[in-house]
Amino acid sequence: MSPHLAGITPENLEAALAVRVRADQEHAVEPVAHSLAEAYVRPPGVAWPRLIMDGDRPVGFLMAFLDIDWRADGGSVRRSGLWRLNIDAGEQGKGYGRFAVDSVAAELRRRGCAELYVTWHPGADGPGEFYRRLGFRTTDETSGGQTVGVLDLA
């Protein structure tokens, strides 16, 4: 089977909510339920939540942010990127994280974006090395105490 994305529906909601990262990663990423609640309270079109499937088996969850007012100043800087990435504890190390980032990159390219942003929990226990291996570079910014990275989509 090959991985693919599925929109969140009443039929797969429980499967999405069952995605759990490893216990030692819980401090670095919000649970899926929190992400879906955030998506619900944002204006339409801002959040792009998706279940990561391998065949009919859920293996992870991602949520992108689309064209947000990055500085909350009326729109001087607008960005899109990967907001959340939760790969189920038993499914890590199998390429699903890379697939998720590639999928968000493809969606942003389709929407005409030139860059993909992400934030991550800093430190040795955070996913910084994972993102750097995929080509992200740090921007020397922080957002909510997290490191900001960017990937050129050109």
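What share of the 154 residues in the protein do buried residues make up? In this predicted model, buried residues account for 44% of the 154 residues.

**Figure 1. Overall fold of the predicted model.** The secondary structure of the protein consists of 4 helices and 7 strands. Read from the N terminus, the elements follow the order β-α-α-β-β-β-α-β-α-β-β. The protein has a radius of gyration of 15 Å, close to the 15 Å given by the globule rule for 154 residues, and is therefore as compact as a globular protein of that length. Along the principal axes, the C-alpha atoms fill a box of roughly 40 × 35 × 30 Å. Of the contacts in the protein with a separation of 6 or more, 59% are between residues 24 or more positions apart. The accessible surface amounts to about 8,300 Å², and carbon and sulfur atoms contribute 50% of this area.

**Figure 2. The largest nonpolar core.** This core comprises 24 residues, and L82 and L116 have the most contacts inside it. Two or more residues each are supplied by β2 (47–54), β3 (57–69), β4 (78–87), α3 (96–110) and β5 (115–120). Helix α3 gives the most, with 7 residues. Another core, of 18 residues, lies apart from the largest one; A16, L36, W70 and V77 are among its members.

**Figure 3. Surroundings of L116.** Residues up to four places away in sequence are not counted in this view. On that basis, L116 touches S80, G81 and L82, and also V101, V104, A105 and L108. The residues that L116 touches further include F136, G149, V150, L151 and L153. L116 is, with L82, one of the two residues named as having the most contacts inside the largest nonpolar core.

**Figure 4. Strand β5 and its partners β4 and β7.** Of the 6 residues of β5, 5 are buried, so this strand is largely enclosed by the rest of the structure. β5 pairs with β4 in the parallel sense over 2 bridges. Within this pairing, L82 has V118 of β5 as its bridge partner. β5 is also joined to strand β7 (residues 146–152), by 6 bridges, and these two strands run antiparallel. Here the bridge partner of Y117 is V150 in β7.

**Figure 5. The β-α-β unit formed by β4, α3 and β5.** These three elements make a right-handed unit. The strands β4 and β5 of the unit are parallel to each other, and its helix, α3, gives 7 residues to the largest nonpolar core.

**Figure 6. Position of R109 in helix α3.** R109 has a relative accessibility of 43% and counts as partly exposed, because this value falls between the limits of 20% for buried and 50% for exposed residues. R109 and R137 are 28 residues apart along the chain, and their C-alpha atoms are separated by 18 Å.

**Figure 7. Environment of N12.** N12 is located in the loop between β1 (3–7) and α1 (13–17). Is this residue, with a relative accessible area of 14%, buried or exposed? N12 is buried, because its relative accessible area of 14% is under the 20% limit. When neighbours within four places in sequence are left aside, N12 is in contact with A6, G7 and L51.

Definitions and conventions: Residues are numbered from 1 along each chain as its sequence is written. This is a predicted model: local features need pLDDT of at least 70, side-chain atom pairs count only at pLDDT 80 or more; totals for chains, interfaces and linings use all residues. Side-chain values use heavy atoms; hydrogens and water are left out. Buried means under 20% relative accessible area, exposed over 50%, partly exposed in between (1.4 Å probe, protein chains only). Contact means heavy atoms within 4.5 Å. A nonpolar core is a set of buried Ala, Val, Leu, Ile, Met, Phe, Trp, Tyr and Cys residues joined through side-chain atoms within 4.5 Å. Two strands pair if DSSP finds at least two bridges between them. A crossover is right-handed if, with the strands pointing away from the viewer, the path from the first strand over the helix to the second runs clockwise. The radius of gyration is taken over C-alpha atoms; the globule rule is 2.2 Å times the number of residues to the power 0.38. Accessible areas come from the Shrake-Rupley method with a 1.4 Å probe; for residues, only the protein chains shown count as cover.
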